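Here are some notes to read with the model open beside you. They go point by point, and you can check each one as you go.

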Amino acid sequence: MSARIDITLTVNGERVSRSVEARRHLIDFLRIDLGLTGSHAGCEHGVCGACTVRVDGEIVRGCLVLAASLDGAEVTTIEGLTDTGEVADLQEAFVARNAAQCGFCSPGMVIAAADILRHHPEASRAEIREHLSGNYCRCTGYQAIVDAVESTLATRREGAR
Amino acid sequence: MKWPAIGYLRASSLDDIWRARAEHGDAAQLLAGGQTLLATLAFRLSEPKVLVDITRVAALRGVRVEGGVLRIGSLTRHAELGRDPLVAQHAPLLARAVPLIAHPAIRNRGTIGGSLAYADPAAELPACVVALGARIVALSPQGERRIAAEDFFTGLLSTALTAEEVIAAVEVPLATPASRSVILEVARRSGDYAMAGLAACIGMEGARATSARLVFFGVGSGPVLAARAGAALAGRTLDAAAIAAAQAALNEDLDPPGDMHGPPEMKRHLARVLLQRAIATTHPATEAAA
Ligand SMILES: Cc1cc2nc3c(=O)[nH]c(=O)nc-3n(C[C@H](O)[C@H](O)[C@H](O)COP(=O)(O)OP(=O)(O)OC[C@H]3O[C@@H](n4cnc5c(N)ncnc54)[C@H](O)[C@@H]3O)c2cc1C
Ligand code: FES
Ligand code: FES
C-alpha cells in the first residue's frame, strides 16, 4: 500500500499523469492539481450535484470518486464540454432564460442536463425535473432551468426535422 | 468535510482481496461504487485505514442465466441493472426498483453488492431480493456459500456476511408468467431514501393469488417480510375483503420505529396504503373495489 498512487488518465481529451493522495477526490484533483475550476465542490457528500462530471461517458458525483481509482479513465468537465460545443445551445438557453444566478450549480446542472439531450431527446417537463432532481439550485427556483432544457430539446427536435 | 488520510489498494483479482485482508485485517475495507462508503468517510462516520478497490475484479461482474437462476454479479451498477435485458426479462422487480434509487449520477456508480452489504433499512434492493426469494453468494478463500436473502439481513446495517467473505453475486429465481412483482415507495423528494416502501412478489392464477411475498422497507431495522399479511392474501381472490384482511394482519407484522419522518403510527398508515396500491397495480381489476 502506498500513500500516493500514480494515475494516468484522459481529461478533456488530454492525457495527464499525476501522483495523487488516496484521500483526493476527483473534484479536488481537477481543481487543485489540474487548475480546472469549473467543477464545483458543494456538500462533498453526494447530495447537491454541484460536482457532476462525466467519467467514461457517464455522469457521476465527482465528490464520491477517488482520483486514485481513475487510472485509465476518461474524464470530461464543463470546460471540455464547452470546448467541444456539445452544449453551446443549452448554455445559450441558460443565459437567455436567466437559468443561472450565482452560478454555483450551473456546471453540474449543464452536465446533468446534457445527459437528457443525449439520452432522452423526447423528455417531458416532468422527466426533465426527475432527471435533474439530484442537482440542487439555491437561487433560481428551477423553473428557468427546466425552461432552458425544455426549449433546447424542442429546438433540437425541430432542427432534426 | 474532507476525507481522512487513507491508503488505497487496487485489487485486480480475488486473490488480491484475500491478500489485502490478510495483511491489513479489520483496517481494510472494500470499496465498490463508493456511493455510501465515501459519503460516510466525509462525515468521518467510518475511518478505515485502507480502501481495497474491488471494481476491477472480473469474477464479481456480469449478469447471466445459469442453472435455472439469474446470476447478478455484485459489481453490477444500479444503472446497469436498470437497462439489462436479462434483468428486465427474468427479474423485472429489480429493473423497476432502479429509478427509485438515488439519482442518475449515483446510479452510474453504486452497485448491488454495495447496497446489500450496507443493508440500509430504507434501501430498495435489500427488500427486493428478499421479496424475490433470492440467494446471496458469499465468497471467501475457503470457498462459496449461499445465504437465503431472508436470512442475510440480520439487523440495522448488519448482515450474515463474515469478515472473510465478499458478496460475489445474487442469484434470483427466474420470473414466470404467473408471477407479478411491484415496488412502490413514499419519499419526500425524488431520489431520497424511502419513508416507507413495499416490494411485492405475488403468484397469480387467474384472479386468485397463490402466494404473496410482501417486503416492507423503511419501517424496521432491515427489510421486513410481512408473513401474516402475505398469508392473508394467499389462496384468495384479490378483492377488497382480501386487501382489508392483509392490511389488518400488517399490525402484527410490523413494529416500525419512529424516525425523523414521523411516528410509528404514520409508518403503519403508509404501509397499509402501499399494500392497497401494490395490489391495485398487480391486479388492476381490484382498483375500483378497493
Ligand atoms: C445522495 C445519495 C442518495 C442515495 N439514495 C439511495 C436510495 O434512495 N436508495 C438506496 O438504496 N441507496 C441510496 N444511496 C446509496 C447507493 O445506492 C449506494 O450506491 C449503495 O447503497 C452502496 O453501493 P456502493 O457500490 O456504492 O457501495 P460502497 O459505498 O462502495 O460500499 C458500501 C459498503 O459495502 C461494502 N461492500 C461493497 N461491495 C461489497 C461486496 N461485494 N462484498 C462485501 N462488502 C461490500 C463496503 O465495504 C462498504 O462497507 C444513496 C447515496 C447517496 C450518496
Ligand atoms: S459536492 Fe458532490 S454532491 Fe455535493
Ligand atoms: S444559480 Fe445559484 S445555486 Fe443555482
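1. A word on terms before we start: a residue is called buried under 20% relative accessible area and exposed over 50%, with partly exposed in between. By that scale D89(A) is partly exposed, because its relative accessible area is 30%. Please keep in mind throughout that this is a predicted model.

2. D89(A) has a partner worth a look. It forms a salt bridge with R156(A), and the closest N and O atoms are 2.7 Å apart. The pair links distant parts of the chain: D89(A) sits in helix α3 (residues 88-96) of chain A and R156(A) in helix α6 (residues 143-160) of chain A, with their positions 67 residues apart. R156(A) is likewise partly exposed, at 33% relative accessibility. As general background, side chains of opposite charge can pair when their charged atoms come close.

3. How are D115(A) and R118(A) placed in helix α4 of chain A? They are three residues apart in that helix (residues 106-119), so about one helical turn separates them. Their side chains meet in a salt bridge, at 3.4 Å from N to O. The cover on the two partners is also worth noting: D115(A) is buried, with a relative accessible area of 4%, whereas R118(A) is partly exposed at 35%.

4. Chain B has salt bridges to inspect as well. The side chains of R189(B) and D192(B) meet at 3.0 Å, N to O. R189(B) counts as partly exposed, with a relative accessible area of 45%. Elsewhere, R71(B), R135(B), E144(B), R146(B) and E171(B) are joined into one network by salt bridges that share partners. Over all chains, the count comes to 22 salt bridges.

5. Now to the ligand. Where does ligand 1 lie? Its place is between chains A and B. There are 32 residues around ligand 1, and those that come nearest are L30(B), G34(B), L37(B), T111(B) and E124(B). By class, this shell has 16 nonpolar, 14 polar and two charged residues.

6. Several polar atoms of chain B approach ligand 1. A backbone N or O atom of Q35(B) lies 2.8 Å from an oxygen atom of the ligand. A polar backbone atom of G191(B) is 3.4 Å from an oxygen atom of ligand 1. With Y193(B) a polar side-chain atom takes part, lying 3.2 Å from a nitrogen atom of the ligand. On its own, ligand 1 has 970 Å² of accessible area, and the protein covers 92% of it.

7. Which elements give two or more residues to the shell around ligand 1? They are β2 (28-31), α7 (112-118) and β10 (166-173) of chain B. Of these, α7(B) gives the most, with four residues.

8. Helix α8 (residues 124-131) of chain B deserves a point of its own. It is mostly covered, with eight of its eight residues buried. Among the buried residues is E124(B), which is also one of the residues that come nearest to ligand 1. The helix is followed by G133(B), whose phi is positive, near 65 degrees.

9. Two residues other than glycine are worth a check of the backbone. A102(B) has a positive phi of about 45 degrees and lies in the loop between α5 (92-97) and α6 (104-107) of chain B. With a relative accessible area of 16%, A102(B) is buried. L157(B) also has a positive phi, near 50 degrees, and is found in the loop between β8 (153-155) and β9 (158-159) of chain B. L157(B) counts as partly exposed, at 41% relative accessibility.

10. Last, the cysteines. How many disulfides does a search of the whole structure find? The search finds zero over all chains. For reference, a disulfide is a covalent bond between the sulfur atoms of two cysteines. Two cysteines of chain A can be looked up for their cover: C63(A) is buried at 2% relative accessibility, and C137(A) is buried with a relative accessible area of 5%.

Methods: Residues are numbered from 1 along each chain as its sequence is written. Chains are lettered from A and ligands numbered from 1 in the order in which they are written. This is a predicted model: local features need pLDDT of at least 70, side-chain atom pairs count only at pLDDT 80 or more; totals for chains, interfaces and linings use all residues. Side-chain values use heavy atoms; hydrogens and water are left out. A residue is near a molecule or strand if one of its heavy atoms lies within 4 Å of it. A polar contact is a pair of N or O atoms within 3.5 Å; within protein, one must be able to donate a hydrogen and the other to accept it, and residues adjacent in sequence count only if both atoms are side-chain atoms. Accessible areas come from the Shrake-Rupley method with a 1.4 Å probe; for residues, only the protein chains shown count as cover. Ala, Val, Leu, Ile, Met, Phe, Trp, Tyr, Cys and Pro count as nonpolar, Asp, Glu, Lys and Arg as charged, and the others, Gly among them, as polar. A salt bridge is a side-chain nitrogen of Lys or Arg within 4 Å of a carboxyl oxygen of Asp or Glu. Buried means under 20% relative accessible area, exposed over 50%, partly exposed in between (1.4 Å probe, protein chains only). A disulfide is a pair of cysteine sulfur atoms within 2.5 Å.
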